[in-house]
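Me: I've just opened this one up and I'm new to it. Could you walk me through what the labels mean and how you get to them?

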Amino acid sequence: MTDAERPAPASPSEQPTREPGRVEMGAILFLVGAELFSGLLPFSLLGWMTGIALMALSAVWTMRDKIRGWLFLGAGYPLVEALSLSASALPRWGLFVGVAVLMVFFVLQVVTVIRLLSVRALGR
């Protein structure tokens, strides 16, 4: 095959894109669900562990995306559990600080979910 007959390599803008599939959607749903249903301790803990495992198995997300997911989605469940268990022992100002931290963390989680659900290029 001559150089003229060889196809040119695809440019980054022409590379196929992949959207999050079942594994990625499952990871997000399990992690967010574990946080929302943290009162159902055995089920929420199992859901949290499943979400962490699914995030690790994702072929669509880059390592940077996975780390961001583990930090902001994976840490949500332990943070909610820790705050709910220590809420009665905290002074009044500590409760306000805890609620403020949860509100900022919630915004970071929403941004993370939006980023993880956006279309990803395979060649990244």
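Me: Let's start somewhere simple: in which helix does Ser-84 lie?

Reply: Ser-84 sits in helix α4. One thing to keep in mind throughout is that this is a predicted model.

Me: And what makes Ser-84 partly exposed?

Reply: Its relative accessible area is 44%. Partly exposed covers what falls between the buried cut-off, under 20%, and the exposed one, over 50%, so 44% puts Ser-84 in that middle class. As for where it sits, its C-alpha is 9.7 Å from that of Gly-98, a residue 14 places away along the chain.

Me: Which residues of helix α4 are buried, then?

Reply: In α4, which spans residues 76-86, they are Gly-76, Tyr-77, Val-80, Glu-81 and Leu-83. These buried residues pack against α1, α2, α3 and α5.

Me: Can we zoom out for a second? How many helices and strands does the chain have?

Reply: There are 5 helices and 2 strands. Starting at the N terminus, the order is β-α-α-α-α-α-β. The chain has 124 residues, and 29% of them are buried. Also, take the contacts between residues at least 6 apart in sequence: 73% of those join residues at least 24 apart.

Me: Now the charged pairs. How do you know that Arg-68 forms a salt bridge with Asp-65?

Reply: The closest N and O atoms of the two are 3.8 Å apart. The cut-off is within 4 Å, so the pair qualifies. Both residues lie in helix α3 (residues 63-74), 3 residues apart, which is about one turn of the helix.

Me: What makes the pair of Asp-65 and Arg-115 a salt bridge?

Reply: Here the closest N and O atoms are 3.6 Å apart, and with a limit of 4 Å that counts, so it's a salt bridge too. This pair links distant parts of the chain, with Asp-65 in helix α3 and Arg-115 in helix α5 (residues 92-117), 50 residues apart. In general, side chains of opposite charge can pair when their charged atoms come close.

Me: How many salt bridges does that rule give, and which residues are linked in a network?

Reply: The count comes to 2. Asp-65, Arg-68 and Arg-115 are linked in a network of them.

Me: Why is Asp-65 called buried, and what are Arg-68 and Arg-115 called?

Reply: Asp-65 has a relative accessible area of 0%, and buried means under 20%, so Asp-65 is buried. Arg-68 comes out at 26% and Arg-115 at 28%. Those values fall between 20% and 50%, so both arginines count as partly exposed.

Me: What makes Gln-109 buried?

Reply: Its relative accessible area is 8%, and the limit is under 20%, so Gln-109 belongs with the buried residues. Gln-109 has its place in helix α5. Setting aside neighbours within four places in sequence, Gln-109 is in contact with Glu-35, Phe-72, Leu-73 and Gly-76.

Me: Which residues line the largest pocket?

Reply: Gln-109 is one of them, along with Val-32, Glu-35, Leu-36, Leu-73, Phe-106, Val-110 and Val-113. The space in this pocket is about 170 Å³. Two elements, α1 (22-36) and α5, give two or more residues to the lining, and α5 has the largest share with 4. By class, the lining has 6 nonpolar, 1 polar and 1 charged residues.

Me: Which residues make up the largest nonpolar core?

Reply: There are 10 in all: Ala-27, Ile-28, Leu-31, Leu-54, Met-55, Val-60, Trp-61, Leu-73, Val-113 and Leu-116. At least two residues each come from α1, α2 (41-57) and α5, and the largest share, 3 residues, is from α1. More broadly, in soluble globular proteins nonpolar side chains tend to be buried together.

Me: Last one: is Ile-67 buried or partly exposed?

Reply: Partly exposed. Its relative accessible area is 41%, and buried would need a value under 20%, while exposed starts over 50%, so Ile-67 lands in between. Ile-67 is found in helix α3. From Ile-67 to Met-55, which is 12 residues away in sequence, the C-alpha to C-alpha distance is 9.3 Å.

Definitions and conventions:
Residues numbered from 1 in each chain as written. Predicted model: local features only at pLDDT ≥ 70, side-chain atom pairs only at ≥ 80, totals over all residues. Heavy atoms only, no water. Salt bridge = Lys/Arg side-chain N within 4 Å of Asp/Glu carboxyl O. Buried < 20%, exposed > 50% of the residue type's maximum accessible area, 1.4 Å probe, protein only. 1 Å grid on protein atoms, 1.4 Å probe; cavity = no way out; pocket = protein on both sides within 12 Å on 5 of 7 lines; lining within 4 Å. Points joined across faces, edges and corners; volume = space filled by probe spheres on them. Nonpolar A, V, L, I, M, F, W, Y, C, P; charged D, E, K, R; others polar. Core = buried A, V, L, I, M, F, W, Y, C linked by side-chain atoms within 4.5 Å. Contact = heavy atoms within 4.5 Å.
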